[in-house]
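Grab your favourite viewer and a coffee. Here comes a short set of exercises, each with a solution worked out step by step.

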Amino acid sequence: MNRDTIGFGLGAKPCINIYGFCVGDPATDPQLYRGKDKKNPVLSPRQIFEGVVRGVGTGGNCSGIPTPQGFCYFDNRYAGKPLVFAGTVGVMPRMLGEKTLVREEGGGPATSS
């Protein structure tokens, strides 16, 4: 997630990471399967939640950028199919006198300003 902020190539500096997790309730263990034959069980909500936290934590916190804000939403509708949001907020220096591109609303063509 940090590489997108750094990848602008215009001197952006990542300052905070943010996250959002929508996962099944880790206190439950619903029996869910990947196929109709019920031979391939999905991981428990607790295993999924712990893996998501570990993965996002490794990707962001190991870089030394703090993660001051985020949310966790537990609902068994997300058991086996979590939603994971992760992002980085960066600060970019003001570009005085340089050409920048402005994208019009609706994805129209970019114009110079």
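The exercises below deal with a predicted model, going from the overall fold to single residues.

**Exercise 1. Get your bearings**

Work out how many helices and strands the chain has, and in which pattern they follow each other.

*Solution.*
- Step 1: Count the elements. You should get 2 helices and 5 strands.
- Step 2: Walk along the sequence. The pattern reads α-β-α-β-β-β-β.
- Step 3: Check the burial. Of the 113 residues in the chain, 20% are buried.
- Step 4: Look at the contacts between residues at least 6 apart in sequence. Here 70% join residues at least 24 apart.
- Step 5: Add the surface. The chain exposes about 8,200 Å², and carbon and sulfur atoms supply 55% of that area.

**Exercise 2. Find the core**

Find out which residues make up the largest nonpolar core, and which element gives the most to it.

*Solution.*
- Step 1: Recall the background. Nonpolar side chains tend to be buried together in soluble globular proteins.
- Step 2: Collect the members. The largest nonpolar core has 6 residues: Phe-21, Val-23, Ile-48, Phe-49, Val-52 and Val-56.
- Step 3: Assign them to elements. Two or more residues of this core come from each of β1 (13–23) and α2 (45–61). The top contributor is α2, with 4 residues.
- Step 4: Zoom in on one member. Setting aside residues up to four places away in sequence, Val-23 touches Phe-49, Tyr-73, Phe-74, Asp-75, Tyr-78 and Pro-82.

**Exercise 3. Hunt for disulfides**

How many disulfides does the whole structure hold, and what is the situation of Cys-72?

*Solution.*
- Step 1: Remember what you're after. A disulfide is a covalent bond between the sulfur atoms of two cysteines.
- Step 2: Run the search over the whole structure. It turns up 0 disulfides.
- Step 3: Test Cys-72. Its nearest cysteine sulfur belongs to Cys-22 and is 9.0 Å away. The cut-off is 2.5 Å, so Cys-72 is in no disulfide.
- Step 4: Place the residue. Cys-72 sits in strand β2 (residues 69–74), and it is partly exposed at 36% relative accessible area.
- Step 5: List the company it keeps. Leaving out neighbours within four places in sequence, Cys-72 contacts Tyr-19, Phe-21 and Phe-49. The C-alpha atoms of Cys-72 and Val-23 are 7.6 Å apart, although 49 residues separate the two along the chain.
- Step 6: Compare your notes with another cysteine. Cys-15 is partly exposed, with a relative accessible area of 32%.

**Exercise 4. A nonpolar patch on the outside**

Say which residues form the nonpolar surface patch, and which elements they come from.

*Solution.*
- Step 1: Pick out the residues. The patch consists of Phe-71, Tyr-73, Leu-83 and Phe-85, with about 380 Å² of accessible area together.
- Step 2: Map them. The elements that give two or more residues to the patch are β2 and β3 (83–91).
- Step 3: Check one member. Phe-71 is in strand β2. Its relative accessibility is 41%, so Phe-71 counts as partly exposed.

**Exercise 5. Pair up the charges**

Find the salt bridges, then decide for each partner whether it is buried, partly exposed or exposed.

*Solution.*
- Step 1: Start with the idea. Side chains of opposite charge can pair when their charged atoms come close.
- Step 2: Count. The whole structure has 2 salt bridges.
- Step 3: Take Glu-50 with Arg-46, where the closest N and O atoms are 3.9 Å apart. Both are in helix α2 and 4 residues apart, so about one helical turn separates them. Glu-50 is partly exposed at 40%, and Arg-46 is partly exposed at 43%.
- Step 4: Take Arg-77 with Asp-75, where the closest N and O atoms are 2.9 Å apart. Here Arg-77 is exposed, at 67% relative accessibility, whereas Asp-75 is buried, at 18%.

**Exercise 6. An unusual backbone angle**

Where is Lys-38, and is it buried or exposed?

*Solution.*
- Step 1: Read the torsion. Lys-38 has a positive phi of about 55 degrees, although it is not a glycine.
- Step 2: Locate it. Lys-38 is in the loop between β1 and α2.
- Step 3: Check the accessibility. With a relative accessible area of 57%, Lys-38 is exposed.

Terms used: Residues numbered from 1 in each chain as written. Predicted model: local features only at pLDDT ≥ 70, side-chain atom pairs only at ≥ 80, totals over all residues. Heavy atoms only, no water. Buried < 20%, exposed > 50% of the residue type's maximum accessible area, 1.4 Å probe, protein only. Contact = heavy atoms within 4.5 Å. Areas by Shrake-Rupley, 256 points an atom, 1.4 Å probe, with all protein chains shown as cover. Patch = residues over 30% accessible without salt bridge, like charges linked within 9 Å, V, L, I, M, F, W, Y side chains within 5 Å. Salt bridge = Lys/Arg side-chain N within 4 Å of Asp/Glu carboxyl O. Core = buried A, V, L, I, M, F, W, Y, C linked by side-chain atoms within 4.5 Å.
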